[in-house]
Amino acid sequence: MERSFREQLCFLLLSVSVLRGCCRDLENNEISDEFYSLFNPEPRRDPPDAFVYRRPLRCMDMVAVEGQFTFTAETPHLSCATFLMAEPSELISVEFGRVDIDCSGGDFITVFDGWVMKGEKFPSSQDHPLPLYERYVDYCDSTPAKRSVRSSQNVAMVFFRVHSAGSSFTLTVRKHVNLFPCNAISQSPEGSYTMVIPQQRRNCSFSILYPVAIDISEYSLGRHSSFPKRIMPGCTESEDFVQLLGGNGIDTSKLLPITDICTSFTGPTHMKIGCDNTVVRMVSSGSFVSRVSFSYRALDSHELQTIKLNNVEDFCFNN
């Protein structure tokens with residue numbers, strides 16, 4: 001039976017939590033280096049010029065650290081995927097290393113600029129700066145100059161298929177500072193974030209893959225406004241606004257609008273949203289330096305139950 005979207009998200013986010021080293025108490029136990037590396041990929045502090053973190057890559061995998069990852073097929077693997085994730089203020093680069101696959105026989109390794117889950121993509125085509133076909137880079141079709149791929153945001157994905165036992169490849173994953181992060185997926189169920197668009201005509205989305213309580217504390221268009229904030233179902237008359245979206249997929253163009261904010265303000269806007277995915281999306285005309293600040297935390301079980309019982313308050317449990 002196909003796993004639900006919620007189960008897939010739980011698996012991914014649990015993987016991220018482990019990969020970020022939430023079980024660091026293991027470091028103090030008398031366990032082998034091999035067992036330690038499985039549950040805490042944060043490398044031991046060897047000399048920086050000598051150490052590169054390495055581990056095998058699984059057919060279905062999550063990578064949230066820098067290093068070299070090698071896949072070796074013991075049997076045919078026809079549908080494999082690796083989710084790559086960094087901090088919201090970082091980009092990811094993927095470099096193809098030693099590759100031994102049969103491109104002419106139908107094998108492939110493809111890097112996607114974003115994530116794909118159940119046919120939905122993050123960032124959506126409306127929010128990503130590249131057309132969809134340019135977001136896929138296939139090793140078998142690329143030139144040597146394209147053997148290193150850099151993402152546009154803090155998530156990327158690698159799809160691969162190999163038909164023969166013994167086929168293998170190595171990927172080197174690195175993280176880079178993103179001076180003006182736009183689209184991002186949060187690694188954590190709680191935190192705070194400020195999204196800035198510096199006079200560019202673009203859309204930026206920050207995705208939180210948890211049911212959350214969210215406080216939007218500031219929205220600024222780079223100009224002083226004496227008008228009170230306007231929260232309304234739609235901001236059709238404005239080219240600059242912030243949307244709060246919710247739903248159970250990752251494509252922001254398919255999520256349902258919860259509220260729009262059209263005017264600069266300073267002051268809290270508090271909401272509880274019981275969706276698998278909550279998104280703060282900022283639309284900018286490029287006429288102003290747009291800025292939105294917010295904080296968020298995961299809802300506890302009591303809050304979730306209250307929302308679930310009140311169907312008027314939240315639509316996610318009805319979809």
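## A salt bridge between two strands

A good place to start in this predicted model is R291, which is partly exposed, with a relative accessible area of 33%. R291 forms a salt bridge with E218, and their closest N and O atoms are 3.4 Å apart. This pair links distant parts of the chain: R291 belongs to strand β22 (residues 289–298), E218 belongs to strand β16 (residues 212–220), and 73 residues separate them. E218 is partly exposed too, with a relative accessible area of 22%. Because buried means under 20% relative accessible area, that value of 22% places E218 in the partly exposed class.

## Other charged pairs

How many salt bridges does a search of the whole structure find? There are seven. One of them joins E303 to R297, with the closest N and O atoms 2.8 Å apart. Here the partners differ in their surroundings: E303 is buried, with a relative accessible area of 10%, whereas R297 is partly exposed at 34%. Salt bridges that share partners also tie R55, R58 and D61 into one network.

Within that network, R58 pairs with D61, and the closest N and O atoms lie 2.9 Å apart. Is each of these residues buried or partly exposed? R58 is partly exposed, with a relative accessible area of 44%, while D61 is buried, at 3%.

## The largest nonpolar core

Let us now turn to the interior. In soluble globular proteins, nonpolar side chains tend to be buried together. The largest nonpolar core in this model has 27 residues, and those with the most contacts inside it are L57, L84, I109, F160 and F169. Which elements give two or more residues to this core? They are β3 (67–72), β4 (77–85), β5 (90–100), β6 (108–112), β11 (155–162) and β12. Of these, β11 gives the most, with four residues. Apart from this core lies another, of 26 residues, among them C182, I214, L221 and C316.

## Two residues to look at in the core

L84 sits in strand β4 and is buried, with 3% relative accessibility. Leaving aside neighbours within four places in sequence, its contacts include V63, I92, V94, W115 and V173. V155 is another contact of L84; the two residues are 71 residues apart in sequence, yet their C-alpha atoms are 5.5 Å apart in space.

I109 is also worth a visit. With neighbours within four places in sequence left aside, I109 is in contact with residues including F96, V99, I101, V137 and Y139. F160 and F169 are on that list of contacts as well, and both are named with I109 among the residues with the most contacts inside the core.

## How strand β5 is paired

Strand β5 has partners to follow by eye. With β12, β5 pairs in the antiparallel sense over nine bridges. With strand β10 (residues 148–150), β5 also runs antiparallel, and three bridges join them.

E95 helps to show both pairings. In β12, the residue opposite E95 is T172; in β10, the bridge partner of E95 is S148.

## A nonpolar patch on the surface

Finally, what do V177, L179 and F180 form on the surface? They make up a nonpolar patch, with about 380 Å² of accessible area together. F180 lies in the loop between β12 (168–177) and β13 (184–185).

Note on methods
Residues are numbered from 1 along each chain as its sequence is written. This is a predicted model: local features need pLDDT of at least 70, side-chain atom pairs count only at pLDDT 80 or more; totals for chains, interfaces and linings use all residues. Side-chain values use heavy atoms; hydrogens and water are left out. Patches are made of residues with over 30% relative accessible area and no salt bridge: like charges are joined within 9 Å, nonpolar side chains (Val, Leu, Ile, Met, Phe, Trp, Tyr) within 5 Å. Accessible areas come from the Shrake-Rupley method with a 1.4 Å probe; for residues, only the protein chains shown count as cover. A salt bridge is a side-chain nitrogen of Lys or Arg within 4 Å of a carboxyl oxygen of Asp or Glu. A nonpolar core is a set of buried Ala, Val, Leu, Ile, Met, Phe, Trp, Tyr and Cys residues joined through side-chain atoms within 4.5 Å. Buried means under 20% relative accessible area, exposed over 50%, partly exposed in between (1.4 Å probe, protein chains only). Contact means heavy atoms within 4.5 Å. Two strands pair if DSSP finds at least two bridges between them.
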